[in-house]
Each structure stands twice: as C-alpha cells, then as structure tokens.
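Good morning, colleagues. I should like to take you through one structure today, beginning with its interior and ending with its metal site.

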Amino acid sequence: MTSEQLFYDKKTGFDRLTDEDKQGIQTYAEGYKKFLDESKTERDAVLEIARMAESKGFRAWTRDDTLRPGDKIYRINRHKGIMLAVIGNQSLAEGVRLTAAHLDAPRVDIRTVPLYEDNGMAFFKTHYYGGIKKYQWTAIPLELRGVVCVCENGEVKRVQVRVGDKPTDPKFVITDLLPHLATEQMTRKATEVIKGEGLNILIGSVPSETVDEKCSEKIKLAIMEHLNREYGMTEADFLSAELCCVPAFNACDIGFDRSFVGAYGHDDRVCAYTEMMAEIDNKNPEWTSVVIFADKEEVGSDGNTGMHSRFLEYFLADLAEPYGVPVRRVLSNSKCLSADVSAAFDPAFADAYEKQNTSFLNYGVCVVKYTGSGGKGGTNDCNAKFTSKVCAILDEANVVWQIGELGKVDQGGGGTVAKFISELDVDTIDIGVPVLCMHAPMEIIS
Ligand code: MN
Ligand code: MN
C-alpha cells in the first residue's frame, strides 16, 4: 500500500470544491448572516427558528396532540430553548437521531439593580455571562436586548426590549482608560486590565427637568422616565428583567476574497443554523429526528433551559407515549451529534495549539472525539465504534471533514453539551465548525 492509502492526512476543502460548490457556499452564508443579525440572544434565536420552522410546515406540539410519520413539530422551552422533530417511519423504540447545538453566547448581562448616576453620567452595572476576555468588550458599540416583565392591572406583561440594532438607534458602550493615563492599568494581568466591576455601560447624561425636590439624581430620574414611557417599567422591574448587551455590529464578509464571515455569536449559532436548515428540509426520515437548541451552555448547561435539565427526556417520553415505548428504550437506541464549534488553528498563537491534532479553517467540519481539560476532565469520550461509524458516514456522503482537539494538552480546555446527552445512555459525538477568536465580540469562521 502507498503512504497515501496508509497515512491520515488533513486536506483543505479547496482541492475538492467545484465552482458550483463555492457559489453554493456563498449563497448559504447570506442566509446564515441574516439569521445571525436577527438572533443575537437565545430568545431572538428561538423566535427566528420557530418562525422558519413554521414556514416549512412545523407546528407547536403538546402531549395531547396526535403524531404520524412525516409530522413536523416543535416545542419551545421558556422562550430560551427549542426542539424541532420530524417523525420517522420506524417506531420510537428504534431510537431517535439527535443533533444538539446551543443558542446562548457570551455577553454582558444587566444586573438586577443596575442603574446608577455618577459624576454627570448614568450607567448600568453588569454581570458578564460566559467566558469572556473582559477587555475585548470595552470601547465597542453595544446594543440592548431582552425582556422586561411589567405588572399591569394585576397581570404580568412581557415587554421585548431591543435598542441599537437599527441604523437610527442609539447604541451603548463600556468605557476604557486613555493610554496616556494607563501606565498602571497596562501593568495589570489581562484578567484585571478591566475588572468585572468595571464593565459598566454608559447610558445617558441629560438630567430630568421634572420638579422633584427629594430627588438628587436627576440623570437617573431622566433614564427611568424614558424607560417608563417606552416600556411602562419602574426601577423595581429590573429585578426580574432579563436584559443584556451584545455587540451592535452585524455579520460581514472578511477578506478580499470574502472567504470568512465575521460576526458575534458563531459559537454556537453556526451549528444551530446548519442543524435548523437540515431539519426543516428533512422529509419522511427513517428514524425520528430531533434537533435541540439549548440555552446556558456557556455557563455550564445548568437550570431548566440548559442541556442538563430533563427537558429533552420529557419531550422524548411524550413522543414515545403513543407508541407505548418507555423513554429509556428510546434513549438507549438513540444517536447524537453534539454540534458545537471547535477552536481553529491561529498562526498568531501557534504555541497554544498542537498542529497535528487541531482543526483548520477551510478543512471542513471538525469531529471531536473527546473534550475536557487537565487529563480529559469532564469529557464525553465517544466510543471507538460510534466515532468510526460517524467518520465513515461523512466519507460516504463526501463531506469535507477533519478530526480535531481543543489546543495543547494542559493548555486549558472546555466542554460541550455532549456529556449531558451521553449520560442519558445515548451514543454522542462532538462535531462542529472551526472558529477563530472564539468568545470575542467578533468571531471568525470560513
Ligand atoms: Mn459552544
Ligand atoms: Mn462557547
């Protein structure tokens, strides 16, 4: 046998793509960029996925509803997660084919008591969400998205907040210190260049003209008057609100050849978009297919919208009930692709990677057998047989793919939702798109 037959060599996708393929990729990316701009939070993404699914014949499904092969259904979890399913010809006893991506992305959350006035300016205090380099979030335009629940005549009303995404909208910003005065700041560790308590968002400076002798904070008052006019809220409504700041720039092409997409939230909306597009065009599958869009992956998958909750299990139990099949049998016969991004090799930081075991841009989707850190801690180490089978399916379907791991051994590490699905006795493997600048306000994919 020749070395070509015996060796595993990574190959760039460009050797295999026709001009038609390349055109198809660009067209597909246009739809993806629109999805990204619409879906900067998990809530927005859930609405967008439900809207696109409905346009392709999916219906909201409850456990009292009927089910027939070919049916297309979805279920939303507390506005922050969603699952789509297409019912297959086989009984649920044969298991389902799962794909799981997450919709949340690192960002800056507004705190429960956020508003204050300081030296002629008003600010929101924040608590950052997920693993960010805090210094990357200063001096860039931010927009405000989320939901406020206000009580009207004894009834709770949800009000959507979305400021900064329209060209005429104002935007927000976290300030940084000018380099002229930053001698001390520049000697700090990168984790402390901007401290957690320093991520305060500038939101206004004009004092209220309301005559209110008891009030010494006239700028804060003006902000509350504005919010009350716009959303009917008082300061106490921040206590329950879910508001966050996300980058106020839209997805764009990067490079003379437009070969990259730069955008906020590729992790993991690039996998969410692709699994959504695959599922909404899925017709009469042999096995029931279920695609999951989870929340809270960036903070450990906890809570009732994270992948560690029972939401998936209960949904599958509901699907299996009409077939008289116990959910444990469904799970044990199920297979799952945990679709999450991988860290693409970056020559500027070559030292963090081990080239032989890392993923590269343009070398296709990355299969990750195991994740974890410090000796594979917290990993879903996919078994050899299922790994081999998935790789064979990719080859057979002529998919451009590569194997990869997250950086050098002992360099750091991370996990995905894979371990929470595999602990339900489901064969699960990680697969996803390589990303540069992961968790930065602007991430890059090819
Ligand atoms: Mn991710
Ligand atoms: Mn992430």
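**Cores, sheet and metal site**

Let me begin with Ile203, which, leaving aside its neighbours within four places in sequence, is in contact with Leu115, Ala122, Phe123, Phe124, Phe172 and Ile223. Please bear in mind that this is a predicted model.

Ile203 also belongs to the largest nonpolar core, a set of 36 residues. Together with Phe124, Leu144, Ile201 and Leu243, Ile203 touches the most other members of that core. At least two core residues come from each of the following elements: strands E5 (107-118), E6 (121-129), E7 (142-152), E8 (155-163), E10 (201-204) and E11 (242-247), and helix H5 (218-231). Which element supplies the largest share of this core? That is H5, with five residues. A further core of 34 residues lies apart from this one, and its members include Phe35, Met52, Ala101 and Val435. As a general remark, nonpolar side chains tend to be buried together in soluble globular proteins.

I turn now to the sheet. Nine strands form an open sheet with mixed pairing, in the order E1-E2-E3-E14-E4-E15-E21-E17-E19. Strand E1 (59-60) and strand E19 (401-403) stand at the edges with a single partner strand each, so one side of each has no neighbour in the sheet. Within the sheet, strand E4 (residues 96-102) and strand E14 (residues 288-294) run parallel and are joined by seven bridges. Arg97 stands opposite Ser289 in E14.

Two helices lie across these strands. Helix H3 (residues 42-55) crosses strand E2 (72-77), strand E3 (81-86) and E14, and runs at about 20° to E3. Helix H7 (residues 311-320) lies across E2, E3, E4 and E14, at about 145° to E2.

Finally, the metal site. Which residues provide the protein donors of the manganese ion, ligand 2? They are Asp267 (OD), Glu298 (OE, listed twice) and His439 (NE2), at 2.0 to 2.5 Å from the ion. This ion and the manganese ion that is ligand 1 are 3.4 Å apart, and Asp267 coordinates both. The pair Asp267 and His439 links distant parts of the chain, 172 residues apart: Asp267 is in helix H6, whereas His439 sits in the loop between strand E22 (434-435) and strand E23 (443-445). Asp267 is buried, at 3% relative accessible area, and His439 also counts as buried, at 17%.

Helix H6 (residues 266-280) itself reaches 20 Å from its first C-alpha to its last, close to the 21 Å expected. H6 is mostly covered, with 13 of its 15 residues buried.

Terms used:
Residues numbered from 1 in each chain as written. Chains lettered and ligands numbered in written order. Predicted model: local features only at pLDDT ≥ 70, side-chain atom pairs only at ≥ 80, totals over all residues. Heavy atoms only, no water. Helix = DSSP H or I, 4+ residues; strand = E, 2+ residues; numbered from the N terminus. Expected span 1.5 Å × (residues − 1). Buried < 20%, exposed > 50% of the residue type's maximum accessible area, 1.4 Å probe, protein only. Donors = N, O, S within 2.8 Å, 3.2 Å for Na, K, Ca; no water. Core = buried A, V, L, I, M, F, W, Y, C linked by side-chain atoms within 4.5 Å. Contact = heavy atoms within 4.5 Å. Pairing = 2+ DSSP bridges. Axes fitted to C-alpha atoms, helices over the stretch in contact; angles between N-to-C directions.
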